[in-house]
Protein chains: 2
Amino acid sequence: MSSELSYPKSKVNKVNRLADRGKYDCKTVHEILMASPVVHVSFNPGSPEEYPVILPMIGKLGSFENPSADLSEPLDLYLHGYVSSRIMNVARKAAQGEGEADATPLKICVCATKVDGLVLSLTPNSHSMNYRSSVIFGTVELVMDAEEKLYAMKLITDGVLPGRYDDTRIPPDSAEMQSTQILKVTIDHASAKIRTGEPGDYEKDLKRDDVRAKVWTGIVPIYQAFGEPQVASYNRVDKVPGYISNYIKETGDAEKEYALTAIQKASAGKS
Amino acid sequence: MSSELSYPKSKVNKVNRLADRGKYDCKTVHEILMASPVVHVSFNPGSPEEYPVILPMIGKLGSFENPSADLSEPLDLYLHGYVSSRIMNVARKAAQGEGEADATPLKICVCATKVDGLVLSLTPNSHSMNYRSSVIFGTVELVMDAEEKLYAMKLITDGVLPGRYDDTRIPPDSAEMQSTQILKVTIDHASAKIRTGEPGDYEKDLKRDDVRAKVWTGIVPIYQAFGEPQVASYNRVDKVPGYISNYIKETGDAEKEYALTAIQKASAGKS
């Protein structure tokens with residue numbers, strides 16, 4: 001579709017290696033992020049550490065200004081965490097500026113990856129995995145507006161399990177509002193990378209009958225599965241609510257189906 | 001066990017938030033990394049980009065000097081990739097030094113996360129996930145020694161699927177040896193963080209009969225599942241080899257079992 005919205009290719013987000021696997025349309029990038037229970041967030045905490053830091057966090061996409069926007073439209077990423085955790089402190093310090101220094105909002109990278117299968121080919125070097133990954137590069141601000149914070153809390157809760165928020169004890173009380181910090185990530189650059197298809201081997205191995213006779217080639221599908229819900233010791237509700245059992249059934253089926261249909265799709269690149 | 005080897009707590013790796021969930025013993029940190037099909041690797045590519053970068057990569061632990069070492073012992077992390085991919089170029093440049101500058105080996109962070117369940121409690125803020133994550137902070141060197149490179153290639157292939165390497169067309173030929181770059185990460189700091197157990201709610205909600213009567217509380221287990229192996233169009237081997245079907249069966253069962261038994265374990269912290 002020529003009308004689909006895409007992230008522009010830039011020096012930051014361009015997929016160089018196996019470029020055919022790169023995707024830039026909003027829908028693809030956003031769907032992978034939303035399908036991942038956790039995302040990995042990387043930031044630089046500043047001295048004295050010299051290492052970037054990665055945290056697994058829960059992050060969901062939405063638009064406070066345009067709440068009805070779907071995944072093919074421009075969105076922001078909301079991350080939530082405890083108010084005094086390190087990433088929150090670093091983001092706060094960056095937003096406020098330090099001493100004489102001007103404020104320079106924290107820049108982060110967020111990556112979500114789904115592994116869809118082991119790709120088993122004739123030779124170790126052409127082994128691979130079927131996978132989907134999205135990477136975004138963004139600028140962080142702290143959400144201070146109470147209305148936007150509530151919007152993000154519902155977005156994140158329902159992003160993990162649709163329909164859950166309204167079925168819990170809401171709204172969050174003032175202690176909960178204060179102990180939770182929401183980060184809003186403006187997406188500056190983004191891309192996805194996807195491998196689908198069967199294994200790929202080079203002619204040098206495909207023409208060797210001894211190798212072909214010995215080595216099983218194919219894909220082992222991998223997918224995220226859900227088990228039967230287990231009640232808490234203090235639960236008093238008899239039946240698992242329909243929105244939970246339906247979500248588990250539908251998402252579980254879709255995950256399994258994706259891993260299988262991905263094998264039938266064309267692959268890009270040899271390994 | 002007082003005799004187990006652990007990573008020392010430092011400013012870099014110490015788990016501050018919900019410190020009870022922090023683990024530092026080699027075995028726990030290493031097991032989570034090895035159980036993850038991909039790890040997330042973060043590095044700073046240097047100017048002109050201001051963002052750290054995250055890449056999903058395949059990484060496995062081993063010791064070339066002490067190949068019989070098990071997961072409770074000190075190990076290195078080996079990552080593999082295409083020789084001219086960006087992380088390889090950045091690592092190479094850092095190892096060689098630039099212009100007048102001395103070599104300063106690349107510092108990276110690597111994180112592996114397994115999500116084991118959705119933790120559904122009475123109020124959105126006490127929702128959580130059962131999970132296991134390992135984070136290591138390390139220093140990168142390029143493996144140039146052919147023997148160590150071969151060791152790492154086998155380690156990585158068998159780390160994904162035990163027994164696979166010897167069942168493929170080996171050894172890698174000279175073109176394959178040249179196009180593959182192995183990175184060896186010396187682990188400078190590391191820790192793990194684990195949530196197990198049932199949901200946790202605060203007294204203020206537990207004593208409310210209206211809330212307890214309405215909100216289902218419990219855990220939805222999540223685990224990595226394997227589908228039936230699917231043959232490649234060019235496969236000529238009749239039967240899926242035993243090491244593949246056994247691995248799928250055993251690992252699939254273990255993953256499912258972990259998600260369930262994790263619920264029975266004690267939890268640390270309220271959410």
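## Salt bridges between the chains

In this predicted model, Asp205(A) reaches across to Arg169(B) and forms a salt bridge, with the closest N and O atoms 2.6 Å apart. The term stands for a side-chain nitrogen of Lys or Arg within 4 Å of a carboxyl oxygen of Asp or Glu. By that rule, the interface of chain A and chain B has 10 salt bridges.

Polar contacts add to the picture: 47 residue pairs between chain A and chain B make one, both residues being at pLDDT 80 or more. Here that takes a pair of N or O atoms within 3.5 Å; within protein, one must be able to donate a hydrogen and the other to accept it, and residues adjacent in sequence count only if both atoms are side-chain atoms. As for who sits on the side of chain A that touches chain B, it's 55 nonpolar, 22 polar and 24 charged residues. In this split, Ala, Val, Leu, Ile, Met, Phe, Trp, Tyr, Cys and Pro are nonpolar, Asp, Glu, Lys and Arg are charged, and the others, Gly among them, are polar.

## How much gets buried

Together, chain A and chain B bury about 8600 Å², with 60% of it on carbon and sulfur atoms. That's the accessible area (1.4 Å probe) that two parts lose on being put together, summed over both. On the chain A side, Tyr51(A), Trp216(A) and Tyr234(A) lose the most area to chain B, together 11% of what that side buries.

Counting contacts (heavy atoms within 4.5 Å), 101 residues of chain A meet 101 residues of chain B.

## Symmetry and a shared strand pairing

Chain A lands on chain B after a rotation of 180 degrees with 0.0 Å of shift along the axis, at an RMSD of 0.0 Å; this is therefore the relation of a two-fold axis. The fit is by least squares on the C-alpha atoms of residues with pLDDT of at least 70 in both copies. Within chain A, Gln224(A) comes closest to the rotation axis, its C-alpha being at 2.4 Å. Both copies use the same surface, as 100% of the contact residues of chain A recur in chain B.

Strand 9 (residues 218-226) of chain A runs antiparallel to strand 9 (residues 218-226) of chain B, and 5 bridges join them. Ile222(A), for one, has Phe226(B) as its bridge partner. Strands are DSSP runs (E, at least two residues), and two of them pair if DSSP finds at least two bridges between them.

## Ground rules

Residues are numbered from 1 along each chain as its sequence is written, and chains are lettered from A and ligands numbered from 1 in the order in which they are written. Local features need pLDDT of at least 70, side-chain atom pairs count only at pLDDT 80 or more, totals for chains, interfaces and linings use all residues, and side-chain values use heavy atoms, with hydrogens and water left out.

Notes
Helix = DSSP H or I, 4+ residues; strand = E, 2+ residues; numbered from the N terminus.
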